[in-house]
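Biologist: Could you walk me through just one part of this model, the place where the small molecule sits? I'm new to this, so please spell out the terms as you go.

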Amino acid sequence: MALLARPGANILLPRPGFPIYELSASFRQVEVRHYDLLSEKGWEVDLDAIEALADQNTVALVIINPGNPCGNVYSYHQLEKIAETAKRLGTVVIADEVYGHLAFGANPFVPMGIFGSTVPVITLGSLSKRWIVPGWRLGWFVTNDPCGTFRKPKVVERIKKYFDLLGGPATFIQAAVPRIIKQTEEVFFKKTVEILKYTSEICCKKIEDIPCIFCPCRPEGSMAMMVKLNLSLLEGISDDIDFSFKLAKEESVIILPGTAVGLKDWLRITFAVDPSALAEGMDRIQCFCQRHAKKQ
Ligand SMILES: *Cc1c(COP(=O)(O)O)cnc(C)c1O
C-alpha cells in the first residue's frame with residue numbers, strides 16, 4: 001500500500017473481504033472502493049462493478065484466492081476474465097494467495113501469476129496458513145510481470161526503499177525459512193487439505209440442521225465460510241453482532257459477525273478447528289438458535 005499510494009489514488013477491494021486492506025489503505029490515505037463478491041454465483045467477482053468503480057486513479061485491484069472469508073476458489077476462466085478487465089482498466093492486480101493450494105473442491109487452485117503477461121500481478125504469499133503458523137507474520141510478495149512493468153529502475157528503487165523501512169519478523173523465523181520451503185514434505189500439505197475438506201463438511205452438514213443459518217455455497221478452499229443469518233426466525237437478536245456476542249457469552253463459541261468483513265447479518269465461520277471441537281461448537285450453535293427461536 002505504501003508503494004502504491006499517491007495523492008488521489010484509489011484501490012478496489014472485495015466485499016466481503018479481509019479488513020487489513022481497509023486499515024492499511026486508510027493509513028496511506030488511499031481511497032477504498034468496494035466491489036461485491038456474488039454469493040448467488042459462488043462468490044464470483046462482480047466484474048461490472050469493477051468496471052464502474054475504476055478510474056484513472058485506480059492503482060490496484062485486490063483479489064483473494066482461495067477466498068477469505070468466503071472459502072471460494074476461482075476457476076481459470078474467472079481469473080482470466082479478471083486479468084482482462086484489469087488490463088482494460090490499466091491497473092495492476094494484487095493477488096492475495098495466502099491460502100494458495102488450500103483447495104479441496106471442484107476448482108483446482110490456479111495462481112493469478114500465470115496471467116502476468118496480460119496484466120502485471122503482485123502475488124502475496126505467507127507461511128501463516130499453508131504451513132499453519134499464524135502469528136509468525138512471515139510472508140512475501142512476488143511480481144509476475146514478464147512485460148517488465150515492475151523492473152523499471154525507478155520502481156525497483158521504490159520497492160527496495162520500503163523494505164528498508166518495514167520491521168520484519170523475528171530473525172530466527174527468517175533463518176528457518178529456507179528449510180521450511182525446501183523440506184516440508186508433500187504429505188504434510190496433503191494431510192492439511194484433507195483435514196480442511198473434512199472439517200468443512202462437518203460445518204456444512206450441521207448448518208443444514210439450523211434453520212436460521214443459510215449457506216449459499218459450500219466452501220471449496222481456505223479455512224472459512226460465510227453464512228447468512230435469518231433474523232426473522234429469531235427472537236431478541238437484533239443483528240449479526242448481537243448474535244455473535246450472545247453466542248460467545250452463552251455458549252463460549254466464537255464466530256465473527258459478518259459486519260467485521262463487510263456483510264451485515266452474515267456470519268463468518270472458520271472450520272480450521274479440531275474436528276471434535278468443531279462438531280461440539282456447531283452443536284452449541286444449534287442449541288443457541290433453538291433457544292432463541294421465535295415461538296410460533
Ligand atoms: C492471514 C491472512 C493474511 C496475513 O497473513 P500473515 O502472514 O499471517 O500476516 C493476508 N491475507 C489473508 C486473506 C489472510 O487470511
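Biologist: How do the residues of the shell around the ligand divide into nonpolar, polar and charged?

Modeller: Sure! This is a predicted model, so local features need pLDDT of at least 70 and side-chain atom pairs count only at pLDDT 80 or more, while totals for chains, interfaces and linings use all residues. Residues are numbered from 1 along each chain as its sequence is written, and side-chain values use heavy atoms, with hydrogens and water left out.

The shell splits into four nonpolar, three polar and three charged residues. Being around the ligand means having a heavy atom within 4 Å of it. The nonpolar ones are Phe18, Ile64, Val98 and Tyr99. Asn68, Ser126 and Ser128 count as polar, and Asp96, Lys129 and Arg137 as charged.

Now zoom in on some polar contacts, which are pairs of N or O atoms within 3.5 Å. From the polar group, Ser128 has a side-chain N or O atom 2.3 Å from an oxygen of the ligand. Asn68 also has a side-chain N or O atom facing a ligand oxygen, this time at 2.8 Å. From the charged group, Asp96 puts a polar side-chain atom 2.6 Å from a ligand nitrogen.

And how much of the ligand gets covered? On its own, the ligand exposes 380 Å², and the protein buries 85% of that. Those areas come from the Shrake-Rupley method with a 1.4 Å probe.

How values were computed. A polar contact is a pair of N or O atoms within 3.5 Å; within protein, one must be able to donate a hydrogen and the other to accept it, and residues adjacent in sequence count only if both atoms are side-chain atoms.
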